[in-house]
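Student: Got a minute to go through a model with me? I'd like to poke around before I head back to the bench.
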Amino acid sequence: MEQKTWPDRSDGSRFTAFPLSKPSNGDGKTKLSRRSKFISKPSSSQTDGPDFSALPFDILTKIAAPFNFPNLLTASLVCKSWRDVLRPLREAMVLLRYGKRFKHGRGGFRRNLEKALDSFLKGAARGSTLAMVDAGLIYWERGQKEEAIALYQKAAALGDPAGQCNLGISYLHAQPQKHKEAVKWLHEASVGGHIRAQYQLALCLHQGLVVDRNLQEAARWYLKAAEGGYVRAMYNTSLCYTFGEGLSHSRRQARKWMKRAADRGHSKAQFEHGLALFSEGEMMKAVVYLELATRSGETAATHVKNVILQQLSATSRDRAMLLADNWRALPSSR
Amino acid sequence: MSMAAVETKKITLRTADNHEFEVEEAIAMEFSTIKTFFDENPDASEDTIPLPNVTSKCLSAIIEYCKSHLAFRARETSSSIDEQVRTYDEEFVKARDNESLKELILAANYLNIKALLDMLNQAVADRIKNKSVEYVRRFFGLENDYTPEEEAAIRAENEWAFEGVDPDDD
């Protein structure tokens, strides 16, 4: 399940601007393989000798700490000793659920952040990193940064990608800034598949925050995040393809990703995509995207939009506005 | 007679099956348990440290792991190094059977070698996540010791989780 990681407001800052630079030749991306494999030789069924059912409880608890409920249940059903060891974590899941209901005020619960935090902390005490992250979020939103960071650190140490992502981001905002640690944790989370972390990591690499600007790495992570559904990453990926920054220049890929970002509500992408459609002669489609961009505050889109509108009949103009009114963004991972 | 080069200090470790291993100090310090012991007993460095919970086969693997990771760390961080580390870890795990892995986890825990333990734990976790119960049992060579009633009880107890009124993503 996707964990909410960070309040949006932090994104308004300096990281969203994509610097324009001269085109260069990018190489292909390196493939990342992180799956580790055990040899599945049949293990001697033994009554003596090491046996995974007798894995020490603290180790098993650590292993299962970042599990969601379905995985926790699977582990609990494997054998009775695992079931017994994992009981506190199952209890943590119940507390997590209550916490979320208090936080959002649903399922018959009235919204109550105090009780939400209380539930999350109880879940955290039982070892669930999911609860730790949610507790951390509430602390952070209240301005209790140190408490939040402490919880994120615990979750991150236990391998929770959301915890690692949040920890990385809090280090970026720390006074004084801790860029090296930030990148380290964002990298962990990214490798663990956390989409938002991948985008944030790409930004750091792009800006040359810790190491020298590494466009290839940045582009690789933008692309990964884009493939994972992150809209801003789609926009930046498109630009990488357009300028050949970190990725081989490709008009086709650039157009594809710009359209995807536009369809998911990215206002600059809607502008760019609208312009591209205009240059291809697709007037109706162009004007709809440009109208959407204008509505989202892209004032630069207004001029071109009006140019097209003047060329259209009244019926077409109305139809375009209706399309814009009825438009809905496609789902994304934010 | 004086040595021109700096001698690397060696620590002697004795395993459960009575083999003695001489390891460089740098490697022994990766074992937090040993490091703490030396911090508290600075004069003890000449003594042989007994490790009654660790077999020689296990200790060799651990020494090999720590050596390799120390070498990786000595190099500049880069994504290609990261890639190499990941590949190394994968191969390390792949080369071992379940029994050895269990031993390694216990030894890494006992000796408190964080990086190794975290890596092994993650490997176990990856073999449980999004798999079926049967797969996990088979993979780890575990017997199903549930009676049908016990199994039904635990499923019933946790049915609420699948009643799906709550969205997953908040």
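Student: What comes after α13(A), and what's its phi like?

Tutor: Gly265(A) follows α13(A), and its phi is positive, near 100 degrees. Keep in mind that this is a predicted model.

Student: OK, and the helix itself: how many residues does α13 of chain A have, and how far does it reach?

Tutor: It has 13 residues, 251-263, and runs 18 Å from the first C-alpha to the last. That's close to the 18 Å expected at 1.5 Å a residue.

Student: Which residues of α13(A) are buried?

Tutor: Gln253(A), Ala254(A), Arg255(A), Trp257(A), Met258(A), Ala261(A), Ala262(A) and Asp263(A).

Student: Some of those numbers are spaced in a way that rings a bell. Why would residues three or four places apart point the same way?

Tutor: An α-helix has 3.6 residues a turn, so residues at that spacing end up pointing the same way. For the buried set here, Ala254(A), Trp257(A) and Ala261(A) are among the members.

Student: What covers them?

Tutor: The cover for the buried residues of α13(A) includes α11 (215-227), α12 (231-243), α14 (267-279) and α15 (283-295), from chain A.

Student: Back to the tryptophan. What lies over the face of Trp257(A)?

Tutor: Arg260(A) does, at 4.6 Å from the ring centre. Chain B has an arginine over a ring too: the charged end of Arg96(B) sits 4.1 Å from the centre of the Phe92(B) ring.

Student: Zooming out, how many helices and strands does chain A have?

Tutor: 17 helices and zero strands. Of its 334 residues, 51% count as buried. The chain exposes about 15500 Å², with carbon and sulfur atoms supplying 52% of that.

Student: Switching to chain B. What does UniProt place at residues 9-70?

Tutor: An unreviewed UniProt entry puts "domain: SKP1 component POZ" there. In the model, that span of chain B is 45% helix and 24% strand, and its end C-alpha atoms lie 16 Å apart.

Student: And aromatics: how many aromatic pairs are there over all chains?

Tutor: A search of the whole structure finds 13. One of them is Phe37(B) with Phe38(B), a tilted pair at 5.7 Å centre to centre and 50 degrees between the planes.

Student: Is Phe37(B) buried or partly exposed?

Tutor: Partly exposed, because its relative accessible area is 35%. Phe38(B) counts as buried because its value is 9%, and the cut-off for buried is under 20%.

Student: Last one: which residues form one aromatic cluster with Phe52(A)?

Tutor: Trp82(A), Tyr135(B), Phe139(B) and Phe140(B), so residues of chains A and B sit in one cluster.

Terms used
Residues are numbered from 1 along each chain as its sequence is written. Chains are lettered from A and ligands numbered from 1 in the order in which they are written. This is a predicted model: local features need pLDDT of at least 70, side-chain atom pairs count only at pLDDT 80 or more; totals for chains, interfaces and linings use all residues. Side-chain values use heavy atoms; hydrogens and water are left out. Helices (H or I, at least four residues) and strands (E, at least two) are DSSP runs, numbered from the N terminus. The expected span of a helix is 1.5 Å times one less than its number of residues. Buried means under 20% relative accessible area, exposed over 50%, partly exposed in between (1.4 Å probe, protein chains only). Contact means heavy atoms within 4.5 Å. Accessible areas come from the Shrake-Rupley method with a 1.4 Å probe; for residues, only the protein chains shown count as cover. UniProt positions are given in the numbering used here, feature names are shortened, and annotations may be inferred rather than shown by experiment. Rings of Phe, Tyr and Trp (its six-membered ring) pair if their centres lie within 6.5 Å; planes under 30 degrees apart count as stacked, over 60 as edge-to-face and the rest as tilted. A charge sits over a ring if NZ of Lys or CZ of Arg is within 6 Å of the ring centre and within 35 degrees of the ring normal.
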